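User: I have a model open and want a quick tour. Can you walk me through it?
Analyst: Sure, pull it up and ask away.

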Amino acid sequence: PTCQPPGAMGACYSRELCTSSDPDEKQARGENTKFRILRFWGSVGPILLHYKWESLLACGDETDRQTRHGRLHAKYAPEARQIIENFGGLFIKAGQAWSTKAEITPKEYIAEFRKLQSEVPPVCWQPIRESLERELGAPVEKLFDSIEQQPLGSASIGQAHRVVWRGQHAVVKVQYPGVRDVIKADLKSIEMLCRITNPEALTILKGVFEHFESELDYTQEHRTLGMFARAINSSPEFAGQVVVPAPIESLCKGNVIGMEFLPGPKLEYALRERLEALGMTGQYTNMKDMLMQQQHVDSESDEPGDGADGQTSKSPAAAGSLLQRIGRLAVGAVGVDSVLRAVRLASEARLRCRCPCRGRAPPPRDLHVMLRTVLRVHGYQIFVCGMFNCDPHPGNILLLPDGRIGLIDFGLCATVTPAERTLLAKLFIVCADSPPHGMSIEADARVAKAVRKIGVRTENSGNQVLSLFPRLAFCKIRPEWLDRKHIKNIMEADKIVDIPVYLVMVARCAGLLRGLCLGLQENISIAEAWKPYAEQWLREHGDED
């Protein structure tokens, strides 16, 4: 593939990385990194100065300052999104994190940052080739029988290529040369920006930074891949149903991971077919982003007069808002499950009509069975393996020709200690066994107690938020949750001030899995799906904290 233009969205740091990986080039890459920092502040600096100038003109009048800043938010939010897209990588992850925090991010910026996508184009072939040869110690022609220069997939820090190695089809995942230096530079830029504009955002971005640090460690990912391959492939419960590619030790060195090749399309393609039949994917290029964003809780998108002139917008977002209101009426009348069942039947009927006309085979009819297997195997990871994939989006799940499910990409995983598994087990069981939020004071108190023991803290230590938060994360979607403003008001009345990182990562995993369920028009309780593993853990290890 050709190099992407430096300004391309999420361009994988192509300006800094699409160079030779020879050690003699390190100084040049360092200069590119410095230039990247200068380019960033050259783009952001004038915006910050304009905000500062308007604050000075307000002369201490807070109402006037807010009015002036409101105009600047409308003016600069689209430009800020463009800057993020131009720099890609870590900046996109940070923007996506800010888009979920309405308490510190202006609504104009939230609306723009939610358009950010994680899809990235590949880096050109030459530095990838040189990185392979440097890490594995031989020319590519001697290392492999053949190698496909077009990558199977690309991400923020590396890309994967299909190879034939000693007559065996395999995959090599290669980290971009110089990406560590670029990420360190980006971390400094983002940290400085937060200190200037909003110090509270530093706490939110801590998880984003840890995400990238974890993904950069290919040695750890190699070990993790091997552990999951042994644990899942040999499991009596999942043998013949789920497979993880085993690492090829001879191809795992430094910033390269070699593994078995698993044939078959990504679940993303089958899911996209189904959602396209409902007209739901037009504004997204990345299914992972769509599945997470559809679960956001905010109120701004539902307010009238979203246009800059105060008039009702005629944009697709406004149309989606109208559909949401219609959906609320239907859900209020017959319930979430009934509405999703009707939508599922409609989408399946449209798929049966569309696929033959386009010469395509329809998606597998047992996708729902496969989905439940995916849910179970992630509960197994948490409670049996003690480590789980935090990023189970549909691009990391394969549909193999023999009917098995393939799980790939274990770059972002989290461990859970025995004590943490005990606390999680109790939380999932109490959530699964309790009635919906607000229907029983006693049940809400039990849920709040379980989440307090995990270490979640709020400003007022009240039961309402502590009993609602885990249900929002792990239980079936309720009709009343569609009133986003109501939910937001509850959560902001007693803000969460402390939450353990491992619970954040479990909630992330659950959010993506529930997004898969919603994509197939199923309303699933993650707590109920993982309850059998939680109960097994407590039976075998006791229920002492």
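**Sheets, helices and cysteines**

Analyst: Let's start with a strand pair. Strand 5 runs parallel to strand 9 (residues 405-407), and 2 bridges join them. Keep in mind that this is a predicted model.

User: Which residue stands opposite Gly406 of strand 9?
Analyst: Val243 does.

User: What order do the strands of that open sheet take, and what is the pairing?
Analyst: The order is 5-9-8, so to speak, for 3 strands in an open sheet with mixed pairing. Strand 5 (242-243) and strand 8 (397-399) stand at the edges. Each has a single partner strand, so one side of each lacks a neighbour in the sheet.

User: Which helix lies across those strands?
Analyst: Helix 15 lies across strand 5, strand 8 and strand 9. Its angle to strand 9 is about 40°.

User: How many residues does helix 15 have, and how far does it reach?
Analyst: Helix 15 covers residues 367-385, which is 19 residues. From first C-alpha to last it reaches 25 Å, close to the 27 Å expected at 1.5 Å a residue.

User: Is helix 15 largely enclosed or exposed?
Analyst: Enclosed. 15 of its 19 residues are buried, so the rest of the structure largely encloses helix 15.

User: What comes just after helix 15?
Analyst: Gly386, with a positive phi of about 75°.

User: Switching topic. Where is Pro127?
Analyst: Pro127 lies in helix 6 (residues 125-136). Pro127 has a relative accessible area of 2%, so it counts as buried. Its C-alpha is 7.6 Å from that of Tyr176, and the two residues are 49 apart along the chain.

User: Which other residues of helix 6 are buried?
Analyst: Besides Pro127, the buried residues are Trp125, Ile128, Ser131, Leu132, Glu135 and Leu136.

User: What is the span of helix 6, and what follows it?
Analyst: Helix 6 has 12 residues and reaches 16 Å, close to the 16 Å expected at 1.5 Å a residue. Gly137 follows, and its phi is positive, near 80°.

User: Which residues other than glycine have a positive phi?
Analyst: Cys59 is one of them, with a phi of about 55°. Asp409 is another, at about 65°. Most residues other than glycine have a negative phi.

User: Where do Cys59 and Asp409 sit?
Analyst: Cys59 is in the loop between helix 2 (26-57) and helix 3 (62-87). Asp409 is in the loop between strand 9 and strand 10 (413-415).

User: Are they buried or exposed?
Analyst: Cys59 counts as exposed, at 69% relative accessibility. Asp409 counts as partly exposed, at 28%.

User: While we're on cysteines, how many disulfides are there?
Analyst: A search of the whole structure finds 0 disulfides.

User: Why no bond for Cys509?
Analyst: The closest cysteine sulfur is in Cys390, and it lies 6.8 Å from the sulfur of Cys509. That is too far for a bond, because a disulfide needs the sulfurs within 2.5 Å.

User: Is Cys509 buried or exposed, and what about Cys517?
Analyst: Cys509 is buried, with a relative accessible area of 0%. Cys517 is buried too, also at 0%.

User: Now the largest nonpolar core. Which residues touch the most other members?
Analyst: Phe144, Leu424, Phe474 and Trp530, out of 135 residues in that core. Helix 20 (residues 501-519) supplies the largest share of the core, 11 residues.

User: What is Leu424 in contact with?
Analyst: Leaving aside its neighbours within four places in sequence, Leu424 contacts Ile382, Phe383, Val416, Ile454, Tyr502, Leu503 and Val506.

User: Back to strands. Which way do strand 4 and strand 6 run?
Analyst: They run antiparallel, with 5 bridges joining strand 4 (residues 168-175) to strand 6. Val172 stands opposite Gly258 of strand 6.

User: How buried is strand 6?
Analyst: 4 of its 5 residues (256-260) are buried, so strand 6 is largely enclosed by the rest of the structure.

User: Last one. Where is Thr105, and is it buried or exposed?
Analyst: Thr105 is in the loop between helix 4 (90-98) and helix 5 (107-113). Thr105 is buried, with a relative accessible area of 7%. Beyond its neighbours within four places in sequence, Thr105 contacts Trp98 and Ile110.

Conventions
Residues numbered from 1 in each chain as written. Predicted model: local features only at pLDDT ≥ 70, side-chain atom pairs only at ≥ 80, totals over all residues. Heavy atoms only, no water. Buried < 20%, exposed > 50% of the residue type's maximum accessible area, 1.4 Å probe, protein only. Pairing = 2+ DSSP bridges. Core = buried A, V, L, I, M, F, W, Y, C linked by side-chain atoms within 4.5 Å. Contact = heavy atoms within 4.5 Å. Expected span 1.5 Å × (residues − 1). Axes fitted to C-alpha atoms, helices over the stretch in contact; angles between N-to-C directions.
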